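Biologist: I am new to this structure and would like a close look at a single part of it. Please take one residue, describe its surroundings, and then place that part within the rest of the chain.

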Amino acid sequence: METMSEGEPPKPKPRPIIRLGLFLISHSFIVSVACCAAGIFALLLLPVLAKNTYISENALMPGSASPMLSNDDVSRARMFVNKVVSFDFKTDSSSIGIQELVAQHITDLGGEVNFHKFLPQANKFNPLHFFSGPDQGIVQENYTCSSYGINTVGFIRAPRGDGKEAIVLVTPYNSVKTSTGEALSLGIAYSIFSLLTRVTWLAKDVIWLAADSQHGEYTAVAAWLREYHTPSFDGSGKSLFESNASPRTGRKRHNDFLRAGTMAAALVIKVTDGTEKAERDVLNLYAEASNGQMPNLDLINVVNYLAVNGQRLRVKVEKLGSLLDAWWLRSVAELFHKLGTLARSLNPQWNFGISVAEYIEGTATLASSLYNQALGVPTGPHGVFRDYQVDAITMEISSKRLANYKNRPNELLLQGGRLVEGVILSVNNLLEKFHQSFFLYLLTSPNKFVSVGVYMIPFALLVAPLPMVAASLFADSTQKNSGTENKVTSSSDIPAITFESWRWLHAAKTVFIVHFWGAVVTLLPHFLSLVLDSLPLTNLVIWIVLSAFTLLVLQVVLGSSVSLPRMKQTQGMEWTLLKSVTIAAACTGLCIMSVINFATAELGALMLVPMCLMARPLRIDAKAKTLKSFIRVACNLVLIFLFFPPVTYYLWKGALVGLDNARVGDFWNWVESLWTW
């Protein structure tokens with residue numbers, strides 16, 4: 001026997017990558033703690049790692065030409081604004097409203113114009129909306145002349161273009177009662193339109209969409225874009241709401257739905273009243289679109305460059321105000337500032353660390369960008385353009401002169417007009433669509449960003465423990481049940497490998513039932529909206545009751561299937577296998593979501609990873625009666641309470657705006673608003 005053993009070839013050693021994997025699995029607890037700590041640290045480090053923005057596309061050349069918008073254009077725009085403001089006091093019921101006034105001025109400038117009628121869209125969640133046509137959800141029954149909105153669309157055909165590309169200007173306004181800010185935004189667009197009808201350098205068509213926002217800004221723009229890209233026709237072959245005459249006078253007008261070329265970019269122009277404390281006018285930029293989409297970073301860079309260097313505006317992006325006064329964030333900022341000072345003392349070339357104020361501002365901006373992208377709800381009417389792969393942003397000029405615009409209106413019109421002129425001039429230089437710069441990024445300020453290659457590091461560190469813990473739990477479950485499996489198969493003809501290989505199906509079935517129940521809970525509000533028309537609190541209670549009832553039904557229907565042989569003998573040890581399958585499913589879902597919407601995956605990882613790693617049957621920990629088990633039970637209960645959706649919502653709301661006027665039904669209203677997206 002010794003001779004035979006000596007003659008046997010030596011067993012091959014595992015490859016280094018396999019040995020590394022076995023080492024990580026065997027030390028999964030230490031690796032998990034290290035990865036989670038490193039992931040949170042890397043997330044807090046993102047404002048420090050943010051880079052200055054730069055214009056990647058050389059053809060844009062912002063600020064290379066002197067502005068051509070003259071005082072005459074501004075004077076005509078001022079007269080137009082005065083007409084719009086005074087138009088609200090007219091009582092002529094036969095008048096179509098401001099739409100006719102805007103159309104008349106566009107025609108006088110030599111542009112083409114047409115009206116676009118649209119109906120309000122029902123904001124109800126429909127699970128079949130993903131498979132329906134583009135006009136689904138529009139209210140088309142029992143409408144009157146006063147129920148639909150009317151967009152006024154003006155066109156300038158480029159003298160040097162071939163009609164294949166266009167730039168879009170959007171000015172939302174309420175046709176029922178137009179505010180001063182809305183009138184000034186119309187005036188800015190009119191001044192630019194007046195200039196562009198005379199220039200010879202224009203190579204792209206320009207579209208001015210005066211969007212009737214009485215049913216919502218997003219609804220008006222979405223209706224026009226839907227008709228622009230996917231026209232709907234009635235039985236006679238004409239486009240929906242198409243007419244050949246002006247709605248008021250019956251004059252012949254270009255009311256066949258007009259179109260230009262492919263949209264290169266879109267700018268939404270808005271004017272609001274600023275604070276008296278501001279030293280100068282502020283330009284607020286809104287870029288987040290649906291499902292976390294962002295416009296090309298070059299578009300934001302061009303607007304920021306022209307606003308700061310050309311018009312001396314202070315550019316801002318949205319911040320999470322509750323973080324500006326957070327004590328813990330200031331402590332983290334001071335820590336990074338000291339680390340940066342220490343790094344520079346060791347090597348002056350190590351440019352690490354930023355000031356405390358800059359870190360706090362950057363973190364608040366980063367958190368707002370992350371939150372808005374995670375929700376997937378657009379921050380303005382620009383969001384609908386990204387659904388058609390058009391880069392667009394909302395430029396909101398917050399002017400301290402708005403209250404006294406009659407005294408100094410020309411300054412605001414000239415400042416806003418020249419800013420828009422510069423952006424149009426840069427986009428006009430492009431020979432192709434925006435593609436050079438980033439589409440996946442997070443903003444920490446108007447001139448600093450975190451690219452996809454950097455912000456994926458915290459997510460990867462947070463998710464890395466999940467596959468290792470799942471493999472470790474599966475291996476432990478296999479080892480613990482090996483003795484039981486041998487006893488079961490010793491008196492049975494079934495081979496041990498059969499039961500060993502398929503034992504995970506019982507856990508997978510349980511996980512499937514829970515996920516299927518989650519899908520049912522998600523679809524229930526749609527059916528509730530078809531039957532019930534009650535208060536939000538009542539809908540919330542019915543939703544909770546039906547959700548619990550459906551879980552019991554699924555457990556009875558799907559949970560009573562035939563188990564594998566002698567499964568009950570090892571049921572006490574199956575929680576490790578159930579946790580292993582659950583963690584594997586969570587890891588797969590987070591990785592897939594990171595491709596679809598990174599911000600949602602990042603916030604989901606912050607909530608799910610601690611729960612996945614800490615989860616353990618409370619009954620087992622209660623029987624142990626040790627300090628470690630007690631701490632684990634307390635952590636599990638705290639995590640379950642904090643990350644239960646209604647509790648998370650009210651805690652988040654309290655941190656942002658306070659809980660003074662909070663009601664139980666607010667959670668239903670918030671979730672219902674998300675369902676529409």
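In which strand is the place of lysine 448?

Modeller: The model is a predicted one. Lysine 448 has its place in strand E11, which covers residues 448-451. Its relative accessible area is 17%. Because buried means under 20% relative accessible area, lysine 448 counts as buried.

The side chain of lysine 448 takes part in a polar contact with the side chain of glutamate 358, at 2.7 Å. Glutamate 358 also appears among the contacts that lysine 448 makes once its neighbours within four places in sequence are left aside. The others on that list are Ala50, Lys51, Asn52, Thr53 and Leu443.

Some of these contacts can be placed in the sheet around strand E11. The sheet is open and has three strands, in the order E1-E11-E10, with antiparallel pairing. Its edge strands are E1, residues 51-52, and E10, residues 441-445, each of which pairs on one side only. Lys51 and Asn52, both in contact with lysine 448, are the residues of strand E1. Leu443, another contact of lysine 448, falls within the range of strand E10. Between E10 and E11 the antiparallel pairing runs over four bridges. In that pairing, serine 445 is the residue opposite lysine 448. As for what holds such an arrangement, strands of a sheet pair through backbone hydrogen bonds, either parallel or antiparallel.

The parallel kind is found elsewhere in the chain, around strand E6, residues 262-273. Strand E6 is mostly covered, with nine of its twelve residues buried. One partner of E6 is strand E4, residues 165-170, and the two pair in the parallel sense over six bridges. There, glutamate 165 stands opposite threonine 262 of E6. Another partner is strand E9, residues 392-399, which pairs with E6 in the parallel sense over eight bridges. In this pairing, alanine 266 is opposite alanine 392 of E9.

For the whole chain, there are 23 helices and eleven strands. Of its 677 residues, 44% are buried. Among contacts with a separation of 6 or more, 81% join residues 24 or more positions apart. The contact between lysine 448 and Lys51 is one example of residues far apart in number.

Next come the helices, by way of a pocket. The second largest pocket has a volume of about 900 Å³. It is lined by 31 residues, and the closest to its centre are Phe29, Lys579, Leu613, Met614 and Arg632. Helices H2 (16-26), H3 (28-49), H14 (465-490), H18 (575-596), H19 (598-614) and H21 (627-642) are the elements that give two or more residues to this lining. The most comes from H19, with seven residues. By kind, the lining divides into 20 nonpolar, five polar and six charged residues.

Helix H21 also holds asparagine 636. With a relative accessible area of 7%, asparagine 636 is buried. Leaving aside neighbours within four places in sequence, asparagine 636 is in contact with Met614, Ala615, Arg616 and Leu618. Met614 in that list is also one of the residues closest to the centre of the second largest pocket.

The loops supply a few more single residues. Glycine 97 is in the loop between helix H4 (71-87) and helix H5 (98-108). Its relative accessibility is 13%, and it counts as buried. Between the C-alpha atoms of glycine 97 and phenylalanine 87 there is a separation of 7.9 Å, although the two residues are ten apart along the chain.

Two further loop residues concern the backbone angle phi. Most residues other than glycine have a negative phi. Asparagine 291 has a positive phi, near 60°, and is not a glycine. Its place is in the loop between strand E7 (282-286) and helix H8 (297-310). With a relative accessible area of 39%, asparagine 291 is partly exposed. Arginine 312 likewise has a positive phi, of about 55°, and is not a glycine. Arginine 312 lies in the loop between H8 and strand E8 (314-317). At 53% relative accessibility, arginine 312 counts as exposed.

To return to the starting point, lysine 448 is a buried residue of strand E11, with serine 445 opposite it and a side-chain polar contact to glutamate 358.

Conventions
Residues are numbered from 1 along each chain as its sequence is written. This is a predicted model: local features need pLDDT of at least 70, side-chain atom pairs count only at pLDDT 80 or more; totals for chains, interfaces and linings use all residues. Side-chain values use heavy atoms; hydrogens and water are left out. Buried means under 20% relative accessible area, exposed over 50%, partly exposed in between (1.4 Å probe, protein chains only). A polar contact is a pair of N or O atoms within 3.5 Å; within protein, one must be able to donate a hydrogen and the other to accept it, and residues adjacent in sequence count only if both atoms are side-chain atoms. Contact means heavy atoms within 4.5 Å. Two strands pair if DSSP finds at least two bridges between them. On a 1 Å grid over the protein atoms alone, a cavity is a set of points where a 1.4 Å probe fits but cannot get out, and a pocket is an open set with protein on both sides within 12 Å along at least five of seven lines; lining residues have an atom within 4 Å of a point. Grid points are joined across faces, edges and corners, and a volume is the space filled by probe spheres set on the points. Ala, Val, Leu, Ile, Met, Phe, Trp, Tyr, Cys and Pro count as nonpolar, Asp, Glu, Lys and Arg as charged, and the others, Gly among them, as polar.
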